[in-house]
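Welcome! Open your viewer and take a short walk with us, one selection at a time.

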Amino acid sequence: MPTIKETISEYETDILMMIAENWGMDLEIDPGKDLADQISRIMQENKNANEIVDTLPQSAKRALANLTNNDGRLAWEQFVKKFGDIREMGAARREKQHPGRNPVSETERLYYSGLIGRAFFDSGSGPKEFAYIPDE
């Protein structure tokens, strides 16, 4: 699986800041430096990761456990069928609706916390989209 930094490095700035806010690190971030690098370093500290996972609702913990039990990844279609989808929205709509603060699904909650990623991997029969837990 891709690392945390690889997972979040292509995210837009507002999404990175939502992840930072959900981890309580938004005030520690230097906006003049590489946000993905700063956020991924802080996320990798075990103390921080354990605190975040411990505060998740049981339904989000079940979603993470489901991925863990499937070698850290599951077809996106299957995952969203069980745990809900991520609303498609641009930066302006995300600023108004704050999906990181007000998720409508466990998938959205985990995505805006940086705990899962979404990417295409080879499935043996060609590329397929998956939900996954980043390495580390």
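Before the first stop, one term: a helix here is a DSSP run of at least four residues, and helices are numbered from the N terminus. Keep in mind too that this is a predicted model.

**Stop one: a pair of rings in one helix**

Select helix H6, residues 76-83, and show the side chains of Phe 79 and Phe 83. These two sit four residues apart, about one turn of the helix. Their rings form a tilted aromatic pair, with 5.0 Å from centre to centre and 45° between the planes. Are they buried or exposed? Phe 79 has 0% relative accessibility and Phe 83 has 14%. Buried means under 20%, so both residues count as buried.

**Stop two: the tyrosines**

The structure holds five aromatic pairs, so to speak a small collection to browse. Next, select Tyr 111 and Tyr 112, which make an edge-to-face pair: the centres are 5.1 Å apart and the planes meet at 85°. Tyr 111 and Tyr 112 are both buried. Now add Tyr 11 to your selection, and you have one aromatic cluster made of Tyr 11, Tyr 111 and Tyr 112.

**Stop three: a charge over a ring**

Show Arg 73 together with Phe 130. Arg 73 lies over the face of the Phe 130 ring, 4.3 Å from the ring centre.

**Stop four: the largest pocket**

Which residues lie nearest the centre of the largest pocket? Select Ile 4, Ala 49, Leu 115, Ile 133 and Glu 136 to see them; they belong to a lining of 16 residues. Colour helix H4 (46-55) and helix H5 (58-68) as well, as these are the elements that give two or more residues to that lining. The volume of this pocket is about 290 Å³. Sorted by class, its lining has ten nonpolar, four polar and two charged residues.

**Stop five: the second largest pocket**

Move on to the second largest pocket, with a volume of about 210 Å³. Its lining includes Asp 14, Met 17, Glu 21, Arg 94, His 98 and Arg 101. Helix H2 (13-22) and helix H7 (91-97) are the elements that each give two or more residues here. Which of them gives the largest share? H2 does, with five residues. By class, this lining has six charged residues, along with three nonpolar and three polar ones.

Methods:
Residues numbered from 1 in each chain as written. Predicted model: local features only at pLDDT ≥ 70, side-chain atom pairs only at ≥ 80, totals over all residues. Heavy atoms only, no water. 1 Å grid on protein atoms, 1.4 Å probe; cavity = no way out; pocket = protein on both sides within 12 Å on 5 of 7 lines; lining within 4 Å. Points joined across faces, edges and corners; volume = space filled by probe spheres on them. Nonpolar A, V, L, I, M, F, W, Y, C, P; charged D, E, K, R; others polar. Phe/Tyr/Trp six-rings, centres within 6.5 Å; stacked < 30°, edge-to-face > 60°. Buried < 20%, exposed > 50% of the residue type's maximum accessible area, 1.4 Å probe, protein only. Lys NZ or Arg CZ within 6 Å of the ring centre and 35° of its normal.
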